[in-house]
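Hello,

Here is the structure for you to look through. My notes on it follow below.

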Amino acid sequence: MKNIEVKGTVVSNDDKWIYDLLDFESVSPREISAALEEAAGDEVTLVVNSGGGDVFAGNEINYLISQYGGHTQADIVGIAASIATVICCGADLVRMTAGAQYMIHNVSGSARGDYNEMDKASGILKNANRTISNAYRLKTGMSEKELLDLMNRETWMDAQKALEYGFVDEVIGDNGTFGQQKTALYNSACFANIISEDTKRRLRDQLREHGGSADGGDITVMRNKIKIERMRGMML
């Protein structure tokens, strides 16, 4: 059985180098695709500890997992929140440690412009919520209304509650007495290490300015510069 780590922020392939540059733990569709290809049909365990991130990247990873030829298992070992929960839904079997957390909520985003643009953005977000709920419906069998209500209330679940709703199939290490115990619920104000679009733009501009490549030694030079700037309190 091959273990594939799904840890840190879920990011697009184009943004992955930025997170690597800043030493932020992240996962992209390209990484998962390569790992699944290497597994070549063997059983796969996805070790999940992610607060979420990019919706489109997460949905692509869900697809990659669901289409894999071998048996897939997702083990939630810390947190599965936001789009990371959709990634888990792609696996054949979802397990969760007794101390882990599971969180679903509304899709969020940003928009600029007049009221027409704001109305359009609101419609896009509502549609995205329904799209996400489809993945949950396939996993849990719950109705769209039930799921959208849970998402709207930003629902945090311990392992027992996630098991009751059907988001997970098994609690890791359960000897039959887990349901008699209560697991403490801890909330967090920050689910994923999301780098701002402004920071991404500045880093891309800096790389282009020096004629560098995201695949070359220029990244090492930039990383050293960023570490120095961080020490001076000038960045992020």
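**Strands, core and one helix**

In strand β7, Y102 has M157 as its bridge partner. Please keep in mind that this is a predicted model. Strands β6 (residues 101-104) and β7 (residues 155-157) pair in the antiparallel sense, over three bridges. Strand β4 (residues 72-81) runs parallel to β6, and three bridges join the two. One partnership there is A81 with M103 of β6.

Which residues of β6 are buried on each side? Q101 and M103 are buried on one side, and Y102 and I104 on the other, so both faces of the strand are covered. In a regular strand the side chains alternate between the two faces of the sheet.

Y102 also belongs to the largest nonpolar core, which has 45 residues; Y102, L46, I76 and Y136 have the most contacts inside it. Helix α4 (residues 83-89) gives the largest share of this core, five residues. Apart from this core lies another of 10 residues, including V11, Y19, L22 and I195. Beyond its neighbours within four places in sequence, L46 is in contact with I4, V6, I65, Q73, A74, D75 and A91.

I65 is in helix α3, where A57, G58, I61, N62, L64 and I65 are buried. These residues are on the same side of α3, because they cover an arc of only 165° around the axis. They pack against β1 (2-10), α2 (29-39), β3 (44-53), β4 and α4. At the N-terminal end, D54 caps α3, with a side-chain oxygen 3.0 Å from the backbone nitrogen of F56. The 12 residues of α3 (residues 55-66) should span 16 Å at 1.5 Å a residue, and the end C-alpha atoms are 16 Å apart, which agrees.

Regards

Note on methods. Residues numbered from 1 in each chain as written. Predicted model: local features only at pLDDT ≥ 70, side-chain atom pairs only at ≥ 80, totals over all residues. Heavy atoms only, no water. Core = buried A, V, L, I, M, F, W, Y, C linked by side-chain atoms within 4.5 Å. Buried < 20%, exposed > 50% of the residue type's maximum accessible area, 1.4 Å probe, protein only. Helix = DSSP H or I, 4+ residues; strand = E, 2+ residues; numbered from the N terminus. Contact = heavy atoms within 4.5 Å. Pairing = 2+ DSSP bridges. Expected span 1.5 Å × (residues − 1). Arc of directions from axis to C-beta. Polar contact = N/O pair within 3.5 Å; in protein donor to acceptor, adjacent residues only side chain to side chain.
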